[in-house]
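Please open the structure in a viewer and keep the sequence beside it. The tour proceeds by selection, one stop after another.

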Amino acid sequence: MRCHTLRRGRNAWERCDPMTETAESAATDAAATPARRAVPATARGRRSRQALLDAARVVFARDGFTNARITDISDEAGVAHGSFYTYFKSKDEIFLALIEELEEDLRVSGDGERAGATDGSAYARILRANTDYLTAYHDNRGIMVVWEQAATLNEEVAELRSQASERAVARIVRSIEHMQTAGDVPAAIDARYAATALTGMVSNFAYRWCLRDEDFELDKAAEQLSRLWANALGIPTP
């Protein structure tokens with residue numbers, strides 16, 4: 001599989017259970033999102049801004065955070081170099097905007113019938129969600145790897161990465177607690193410890209897979225990680 005633009009998604013397991021997304025959690029997410037410049041009011045302005053974001057996705061994935069240049073982003077977008085500054089004041093700002101867009105894409109990829117369905121076993125829902133997450137990560141592997149690396153170089157990127165992780169853990173905590181109420185997960189499991197460990201397992205696997213271009217098969221990776229996840233929570237597997 002080659003890297004291409006995904007226009008939807010965040011960790012799909014965050015939406016695995018429809019009970020996990022509440023008005024309170026949505027408000028918390030919105031408050032935690034770093035401020036960005038306002039999106040242009042005109043359709044032409046929005047198209048130009050989006051063209052720069054799409055170009056930045058290509059350039060950052062290709063050249064990395066450090067070597068990416070504003071001139072290369074402008075050239076990729078097919079706009080005059082000076083036009084860049086109409087929408088973004090720096091390379092750092094467009095990277096932050098790109099990551100916020102990607103994070104929203106990754107969240108939405110977990111919505112709908114596939115990840116939010118309540119039919120099927122708890123294991124089947126975990127498998128569907130992990131498959132969605134790994135697919136989204138691998139399809140966007142160039143920029144996802146750069147995001148991880150840029151977090152070591154830029155404080156704002158690091159904060160964005162930390163907030164995304166915290167929100168993911170919080171959602172999984174609520175999912176586990178809901179499954180405990182339903183009797184699918186033993187009460188002895190500490191939801192916060194489990195959520196932190198399991199989300200870390202899946203995200204670290206995805207990062208190492210894409211960074212090293214390992215020859216893993218997506219379906220098998222999702223199945224193996226889901227079995228480990230289910231076994232850790234005491235959920236029966238096929």
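**A surface loop**

Begin by selecting D215, which counts as exposed because its relative accessibility is 70%; exposed denotes over 50% relative accessible area, buried under 20%, and partly exposed the range in between (1.4 Å probe, protein chains only). D215 sits in the loop between α10 (191–212) and α11 (218–233). Helices are DSSP runs of H or I with at least four residues, strands are runs of E with at least two, and both are numbered from the N terminus.

This is a predicted model, in which local features need pLDDT of at least 70 and side-chain atom pairs count only at pLDDT 80 or more, while totals for chains, interfaces and linings use all residues. Residues are numbered from 1 along each chain as its sequence is written, and side-chain values use heavy atoms, with hydrogens and water left out.

Extend the selection to E214, E217 and D219, which together with D215 form a negative surface patch. Patches take residues with over 30% relative accessible area and no salt bridge, joining like charges within 9 Å and nonpolar side chains (Val, Leu, Ile, Met, Phe, Trp, Tyr) within 5 Å. Asp and Glu count as negative, Lys and Arg as positive, and His and the chain ends are not counted. Each charge is placed at NZ of Lys, CZ of Arg, CG of Asp or CD of Glu. The accessible areas come from the Shrake-Rupley method with a 1.4 Å probe, and for residues only the protein chains shown count as cover.

Next select D213, also found in the loop between α10 and α11. Its phi is near 55 degrees, a positive value in a residue other than glycine. D213 counts as exposed, at 53% relative accessibility.

**The whole chain**

Now display the chain as a cartoon. How many helices and strands does the secondary structure come to? There are 11 helices and zero strands, giving the pattern α-α-α-α-α-α-α-α-α-α-α along the sequence. The chain has 238 residues, of which 47% count as buried.

**Salt bridges**

The structure holds six salt bridges, each defined by a side-chain nitrogen of Lys or Arg within 4 Å of a carboxyl oxygen of Asp or Glu. Select R57 and E101, one such pair, whose closest N and O atoms are 3.2 Å apart. R57 belongs to helix α2 (residues 43–67) and E101 to helix α5 (residues 91–108), so this pair ties together parts that are 44 residues apart in sequence. R57 is buried, with a relative accessible area of 5%, and E101 likewise counts as buried, at 12%.

Move to R161 and E148, whose side chains meet in a salt bridge at 3.0 Å, N to O. Because R161 lies in helix α9 (residues 155–182) and E148 in helix α8 (residues 141–150), the pair ties together parts that are 13 residues apart in sequence. R161 is buried, with a relative accessible area of 18%, whereas E148 counts as partly exposed, at 21%.

For a bridge inside one helix, select E223 and R227: both lie in helix α11, four residues apart, about one turn of the helix. Their closest N and O atoms are 2.3 Å apart. R227 is partly exposed, with a relative accessible area of 25%.

**Aromatic pairs**

Show the aromatic side chains; the count comes to eight aromatic pairs. Rings of Phe, Tyr and Trp (its six-membered ring) pair if their centres lie within 6.5 Å, with planes under 30 degrees apart counted as stacked, over 60 as edge-to-face and the rest as tilted. F84 and F88 form a tilted pair, 5.8 Å centre to centre with 45 degrees between the planes. Both of these residues, F84 and F88, are buried.

Then select F205 and W209, another tilted pair, with ring centres 6.1 Å apart and planes at 50 degrees. These two residues are four apart in helix α10, so about one helical turn separates F205 from W209. W209 counts as buried, at 3% relative accessibility. Finally for the rings, select F60, F65 and F95, which form one aromatic cluster.

**Contrasting positions**

Is M144 buried or exposed? M144 is buried, with a relative accessible area of 5%, and its place is in helix α8. Add L211 and draw a C-alpha to C-alpha distance: M144 and L211 are 9.3 Å apart in space and 67 residues apart in sequence.

End at T86 in helix α4 (residues 84–87), which counts as exposed at 54% relative accessibility. Between T86 and G45 the C-alpha to C-alpha distance is 9.3 Å, and they are 41 residues apart in sequence.
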